[in-house]
Amino acid sequence: MSPVRNVGFYAIVSDNIDDIALHVCMLFPHACFHIIGVTHRLKSRHHYTSLYANIMHNLAKESVSSIASRLRSQGCNNIKEIIIEGKPTKVITNYIKRNSIDVLVTITSSKPSVIEAVSPTIQRLISSIRIPVLIYTPFFKFQGKEKIVTLALQSLSHINGNVSIAISLAKNLNAQLEIIIMKRAGKIQLEKFRRYLLGSNVVFGLNIIESSTMDEFVSKILKLCNDSLIIVTKRHEKGLSRLLGILGLRRLVSYEKILASISPIPILFI
């Protein structure tokens with residue numbers, strides 16, 4: 001993973017925004033943060049339209065300002081505050097392309113007491129945006145955990161291009177790398193992977209947790225990741241799913257949705 005120079009932050013204010021600000025500044029201390037507020041374009045000619053538009057613009061501006069001030073309080077001072085109008089997925093995607101954004105940060109919900117499916121907007125962002133997306137749920141609390149980066153994959157066949165991102169994060173954070181794999185690998189493939197990790201100069205552990213269902217796999221991941229700073233995992237991009245993602249029509253598969261709904265640990269979808 002190349003150095004993160006520009007971080008996009010989709011401005012959703014949450015009850016745990018102070019913890020999130022602390023965490024993202026720890027992950028990307030030298031990045032420029034683009035705090036992006038989005039207002040919907042109104043087409044109605046009703047006489048309340050302009051008033052409603054002003055209210056929505058002010059709410060978006062307050063959300064952006066609130067997040068920016070939290071980041072500054074944690075020492076991240078390279079910040080741009082942006083308000084754009086349109087459909088969130090489309091305008092954020094366009095902004096990412098125009099401004100060379102390396103990672104998008106977003107929050108799944110504002111309240112920790114609400115357990116619900118990830119909103120369609122957040123699903124589309126995770127599914128369609130081609131850069132890594134860092135997700136915080138309402139259940140995240142920064143507790144000064146041990147420095148562990150967890151890479152969770154369904155099989156070793158998903159390792160190419162993914163392990164380098166996790167290794168880079170572990171090195172930048174001076175952290176241990178823990179790798180969790182759902183399907184048992186062949187001896188030759190496993191030994192080749194071990195040699196690769198030994199040459200990376202990071203402290204690592206490898207866990208193979210065979211599970212019959214995705215729910216079971218996610219449950220085991222969350223138990224093993226209790227002390228992790230971040231979970232790195234791959235988005236599902238096979239066949240029709242990949243095409244729908246490019247078109248902005250795909251929804252999260254069950255594995256992704258469960259993690260993005262209830263994980264107390266931030267998730268980097270790559």
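## A guided tour of the salt bridges and of Ser 211

The structure holds four salt bridges. The model is a predicted one, and the tour below visits several of these pairs before turning to a loop residue.

**First stop: Arg 70 and Asp 18.** Select Arg 70 and Asp 18 and display their side chains. The two meet in a salt bridge, with an N to O distance of 2.6 Å. Arg 70 belongs to helix 2 (residues 49–73) and Asp 18 to helix 1, so this pair ties together parts that are 52 residues apart in sequence. Both partners can be inspected with a surface switched on: Arg 70 is partly exposed at a relative accessible area of 26%, and Asp 18 is partly exposed at 42%.

**Second stop: helix 1.** Next, select residues 17–27, which make up helix 1. How many of the eleven residues of this helix are buried? Eight of them are, and the helix is accordingly described as mostly covered. To see the buried positions, colour Ile 17, Asp 19, Ile 20, Ala 21, His 23, Val 24, Cys 25 and Leu 27. Asp 18, from the previous stop, is partly exposed, whereas Asp 19 is among the buried residues.

**Third stop: Arg 72 and Glu 81.** Now select Arg 72 together with Glu 81. A salt bridge joins them, and their closest N and O atoms lie 3.3 Å apart. Arg 72 is partly exposed, with a relative accessible area of 35%; Glu 81 also counts as partly exposed, at 41%.

**Fourth stop: Glu 216 and Lys 220.** Move to helix 7, which spans residues 214–224. Within it, Glu 216 forms a salt bridge with Lys 220, the closest N and O atoms being 3.1 Å apart. The two residues are four apart in helix 7, which means that about one helical turn separates them. Glu 216 is partly exposed at 27% relative accessibility, and Lys 220 is partly exposed at 28%.

**Final stop: Ser 211.** Select Ser 211, which sits in the loop between strand 8 (204–208) and helix 7. Is this residue buried or exposed? Ser 211 is buried, because its relative accessible area of 17% falls under the 20% cut-off. Which residues does Ser 211 touch, leaving aside those up to four places away in sequence? They are Met 182, Glu 216, Phe 217 and Lys 220. Both partners of the salt bridge between Glu 216 and Lys 220 therefore appear among the contacts of Ser 211. Finally, measure from Ser 211 to Lys 183: the pair is 28 residues apart in sequence, and the C-alpha atoms are 7.9 Å apart in space.

Key. Residues are numbered from 1 along each chain as its sequence is written. This is a predicted model: local features need pLDDT of at least 70, side-chain atom pairs count only at pLDDT 80 or more; totals for chains, interfaces and linings use all residues. Side-chain values use heavy atoms; hydrogens and water are left out. Buried means under 20% relative accessible area, exposed over 50%, partly exposed in between (1.4 Å probe, protein chains only). Contact means heavy atoms within 4.5 Å.
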